[in-house]
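Please open the structure in your viewer and keep the selection panel at hand. The tour below goes from one selection to the next and says what is found at each stop.

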Amino acid sequence: MNGEIRTAVIGFVYVVSAASASAVQFGDRGETAGRLRALAVQRAEDHLTAGSVYFESYDLFSRPYPVLSDEAFDSGNAVTVRRDNPCQRISVGCIRVIAASSASSIQAGNNMRLLGDSRIKHIRQYPKKAAFHALGSVSQQLDPP
Amino acid sequence: MIHFHVVNHCLSVGGIDVLGVSSASMLQVGDNDYVALYSMFDTPPESVIIGPLAPLPEPERAELSAGEPGSGRKEKQ
């Protein structure tokens, strides 16, 4: 890389929320690895009687990443990148963000390697309601006044 | 062999207004060499169970697993 490393100049930032495993940064960073595992359970049952929930019960949390096959890279024909920075300043006037969710990144500056991983399992479980109403109550509602 | 030559001239951003940055997403003003973003969200139709409330399955060696603390998990002896 020719020239100096670029610097970031920020005028104004307004962030309302940055949730878990997220990053807001102004400046340079070498490596980012944001990771989130979540079991979102909705059950009509108390925590004390419902028992615990385990990540190990579900394959989603141990599933490997999909493999990116790059034949040119594997055969040694890697892409060589050369950067010239005649203007070293990254100038940002204003950033307004309402929300940044999990394992996400907001950055003004340079980064070398970013890996974000979010795995969410959503389970909903409700008790079964009575299939039919009593005949008398239904007929009373349907009768005109 | 591919040679990729980048010349970074003036990078100036006036204003950015974002309503949301979702899971495993990024908003960046600057340079990056390598980006890998994975997001797995599992809500299949069979995840909705309407019926008797059966307990959620426990894995093998559940006493060594990472459960939610304070929710009835058996503490290690």
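Which side chain meets that of B:Asp33 in a salt bridge? Select B:Asp33 together with A:Arg83, for the side chains of these two residues form a salt bridge with an N to O distance of 2.4 Å. Keep in mind, here and at every later stop, that this is a predicted model. The count of salt bridges between chain A and chain B is four, and there are also 49 residue pairs in polar contact between the two chains, counted where both residues have pLDDT 80 or more.

Next, colour the side of chain A that touches chain B by its strands. The elements that give two or more residues to this side are β3 (29-43), β4 (79-84), β5 (89-97), β6 (105-108) and β7 (111-126) of chain A. The largest share comes from β7(A), with 16 residues. If you then colour by residue class, this side of chain A shows 33 nonpolar, 22 polar and 16 charged residues.

Now widen the selection to the whole contact, to which chain A gives 71 residues and chain B gives 64 residues. The area buried between chain A and chain B is about 6,000 Å², and carbon and sulfur atoms account for 51% of it. Pick out A:Tyr54, A:Leu114 and A:Arg124, which supply 11% of the area that chain A buries against chain B, more than any other three residues.

Return to β7(A) and add strand β5 of chain B, residues 48-50, to the selection: three bridges join these strands, which run parallel. Within this pairing, look for A:Tyr126, which stands opposite B:Ile50 in β5(B).

The last stop is a sheet that takes strands from both chains. Select β2(A), β6(A) and β3(B), which in that order form an open sheet of three strands with parallel pairing. The edge strands, each pairing on one side only, are β2 (23-26) of chain A and β3 (26-29) of chain B. On average, and with direction ignored, neighbouring strands of this sheet are turned by 0° against each other.

Finally, keep β6(A) and β3(B) in view, two parallel strands that are joined by four bridges. Which residue of β3(B) is the bridge partner of A:Gln107? Zoom in on A:Gln107 and you will find B:Gln28 as its bridge partner.

Methods
Residues numbered from 1 in each chain as written. Chains lettered and ligands numbered in written order. Predicted model: local features only at pLDDT ≥ 70, side-chain atom pairs only at ≥ 80, totals over all residues. Heavy atoms only, no water. Contact = heavy atoms within 4.5 Å. Buried area = accessible area lost by both parts, 1.4 Å probe. Polar contact = N/O pair within 3.5 Å; in protein donor to acceptor, adjacent residues only side chain to side chain. Nonpolar A, V, L, I, M, F, W, Y, C, P; charged D, E, K, R; others polar. Pairing = 2+ DSSP bridges. Axes fitted to C-alpha atoms, helices over the stretch in contact; angles between N-to-C directions.
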